[in-house]
Amino acid sequence: MDLLNTLVDKGLRRELPTREEALAVLATSDDELLDVVAAAGKVRRQWFGRRVKLNYLVNLKSGLCPEDCSYCSQRLGSKAEILKYTWLKPDDASKAAAAGVAGGAKRVCLVASGRGPTDKDVDRVSETISAIKEQNEGVEVCACLGLLSDGQAGRLREAGADAYNHNLNTSEATYGDICTTHDFSDRVSTVQQAQAAGMSACSGLIAGMGESDAALVDVVFALRELDPDSVPVNFLIPFEGTPLAKEWNLTPQRALRILAMVRFVCPDVEVRLAGGREVHLRSLQPLALHLVNSIFLGDYLTSEGQAGKDDLAMIADAGFEVEGTDTTTLPEHRTEAEAAPRTDEAATVSAPPSDDTRRDLVSVRRRGAGTDLPPNA
């Protein structure tokens, strides 16, 4: 179809599609789905070949967050029965990270609930980063600690943080619908602080919160303007005990169309398949590898993922290969651009099945960091 040919040509040239073209991808039919995946797959292979980068989450501090983000099981007022614990000691966090690295992870993502870190928290995380890097040669470390205050990004970079994650989550126009304790501009500012400090920026979205196609396109275009190196695409995990517990708006087919749209808008960026993939893509997860070039290995922050060995088998069976620490993830033109610190500023949903078919899809994490049980990696 002419739309897909146009999008492939633009993706190979790193040219931004129009909003109308991005919306048209989301509006394609199930009969056209494999054509959409094949087209976006050409763009993915142009910039990343058949490599898949593995990332591993370590939840440094779980639950008890003062923010009211509606999608989050750790939010203020959440009744989700998740693990709750305060800061892991650096050695314990490093041991948790080592399990992911042993499973093939190239990047360790250190996450802590809360509005943002105190200076003492930054010191604690800096010690953790040092411990991880001392024990795991070549591993990348990404910090995700919430909103940053002046000078904190620079301190994290000096401590060895390679990247900083702070997702935009949804469009600026709809942000107030999911959170009232901070706003969209706060998130943009934190990503820009990370970039200015010389860290690789990681910022993405959450799909499936009841947003329109237009809102999805708006947040992806906002991300393209912000120009992070990594764009995680999360699919809402509707935890019981949160305001969005009944938002089951996604089908596997729609999830694939969303991923394809992100790839067309961000052709040469590390697009990461993140939380909720097992819940919403289910048996179609291998098809998503033709669209993304990065996934999380094993469990998430407060929910369990599929077994790490099954992730590795899926990648191999689909004809892809795990990216090693000796390989640069991003295309050469992007790695050259990030050598210096940045200072620039950068609808309709399918009817869901009944709740009864989905209640067993969300599994609260009960192993790994913060427990006595071995992690899933």
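Helix α8 is followed by Asp 227, a residue whose phi is positive, near 60°. This description rests on a predicted model.

The helix that precedes Asp 227 covers residues 213-226. At 1.5 Å a residue, its 14 residues should span 20 Å, and the end C-alpha atoms are 20 Å apart, so the expected and modelled spans agree.

Which residues of α8 are buried? They are Asp 213, Ala 215, Leu 216, Val 217, Val 219, Val 220, Phe 221, Leu 223 and Leu 226. In general, an α-helix has 3.6 residues a turn, so residues three or four places apart point the same way. The buried residues of α8 pack against two strands, β6 and β7, and against the helices α2, α7 and α9. The table lists these partners.

| Partner of the buried α8 residues | Residues |
|---|---|
| α2 | 19-26 |
| α7 | 184-196 |
| β6 | 205-207 |
| β7 | 230-235 |
| α9 | 252-265 |

The protein as a whole contains 13 helices and 10 strands. Its radius of gyration is 19 Å, close to the 21 Å that the globule rule gives for 377 residues, and the protein is therefore as compact as a globular protein of that length. Along the principal axes, the C-alpha trace spans about 55 × 50 × 40 Å.

Of the 377 residues, 58% are buried. The protein exposes about 14,900 Å², of which carbon and sulfur atoms supply 48%. Its charged side chains comprise 41 positive and 56 negative ones, and the centres of the two sets lie 3 Å apart.

Note on methods:
Residues are numbered from 1 along each chain as its sequence is written. This is a predicted model: local features need pLDDT of at least 70, side-chain atom pairs count only at pLDDT 80 or more; totals for chains, interfaces and linings use all residues. Side-chain values use heavy atoms; hydrogens and water are left out. Helices (H or I, at least four residues) and strands (E, at least two) are DSSP runs, numbered from the N terminus. The expected span of a helix is 1.5 Å times one less than its number of residues. Buried means under 20% relative accessible area, exposed over 50%, partly exposed in between (1.4 Å probe, protein chains only). Contact means heavy atoms within 4.5 Å. The radius of gyration is taken over C-alpha atoms; the globule rule is 2.2 Å times the number of residues to the power 0.38. Accessible areas come from the Shrake-Rupley method with a 1.4 Å probe; for residues, only the protein chains shown count as cover. Lys and Arg count as positive and Asp and Glu as negative; His and the chain ends are not counted. The place of a charge is taken as NZ of Lys, CZ of Arg, CG of Asp or CD of Glu.
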